Amino acid sequence: TSEQPDPRYEVRAEFSDYTYWNGTWKDTIFTSLSLKESEKYVNKHKATYTDLIIYDLKTDEQVASSTNG
């Protein structure tokens, strides 16, 4: 059996009130090992969701958003 590595990046719908529950963000809509894949997702879906952010789980920081590229 092969285990999947944990994702490095999360794309989240940006809300003023994040909810953390049971070890995950309830507003996470996409996860990826690659920043490039996360950026592709944001570019494809930014018309559907008003504000998307890419969050780096390793550095614990926001690295990009649909409003600032």
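This report walks through a predicted model of a single chain, from its overall layout to its one helix.

## Overall layout

Let's begin with the fold elements. The chain contains six strands and one helix. Following the sequence from its start, you meet them in the order β-β-β-β-α-β-β.

## Surface and contacts

Of the 69 residues in the chain, 26% are buried. The chain's accessible surface is about 5,200 Å², and carbon and sulfur atoms account for 46% of that area.

The contacts are worth a look too. Taking those between residues at least 6 apart in sequence, 46% link residues at least 24 apart.

## The two sides of helix H1

Helix H1 spans residues 35-45, and its buried residues are Ser-38, Tyr-41 and Val-42. Looking down the axis of H1, you would find these buried residues within an arc of 100°, so they line one face of the helix. The spacing fits a general rule: an α-helix has 3.6 residues a turn, so residues three or four places apart point the same way.

Turn to the other side of H1 and you come to three exposed lysines: Lys-36, Lys-40 and Lys-44.

## What surrounds the helix

Several strands help cover the buried residues of H1, including S1 (9-13), S4 (28-32) and S5 (52-56).

The N-terminal end of H1 has a cap as well, provided by Ser-34. Here a side-chain oxygen of Ser-34 sits 3.1 Å from the backbone nitrogen of Lys-36. Lys-36 is also one of the exposed residues on the other side of H1.

How values were computed: Residues are numbered from 1 along each chain as its sequence is written. This is a predicted model: local features need pLDDT of at least 70, side-chain atom pairs count only at pLDDT 80 or more; totals for chains, interfaces and linings use all residues. Side-chain values use heavy atoms; hydrogens and water are left out. Helices (H or I, at least four residues) and strands (E, at least two) are DSSP runs, numbered from the N terminus. Buried means under 20% relative accessible area, exposed over 50%, partly exposed in between (1.4 Å probe, protein chains only). Contact means heavy atoms within 4.5 Å. Accessible areas come from the Shrake-Rupley method with a 1.4 Å probe; for residues, only the protein chains shown count as cover. The arc is that of the directions from the helix axis to the C-beta atoms. A polar contact is a pair of N or O atoms within 3.5 Å; within protein, one must be able to donate a hydrogen and the other to accept it, and residues adjacent in sequence count only if both atoms are side-chain atoms.
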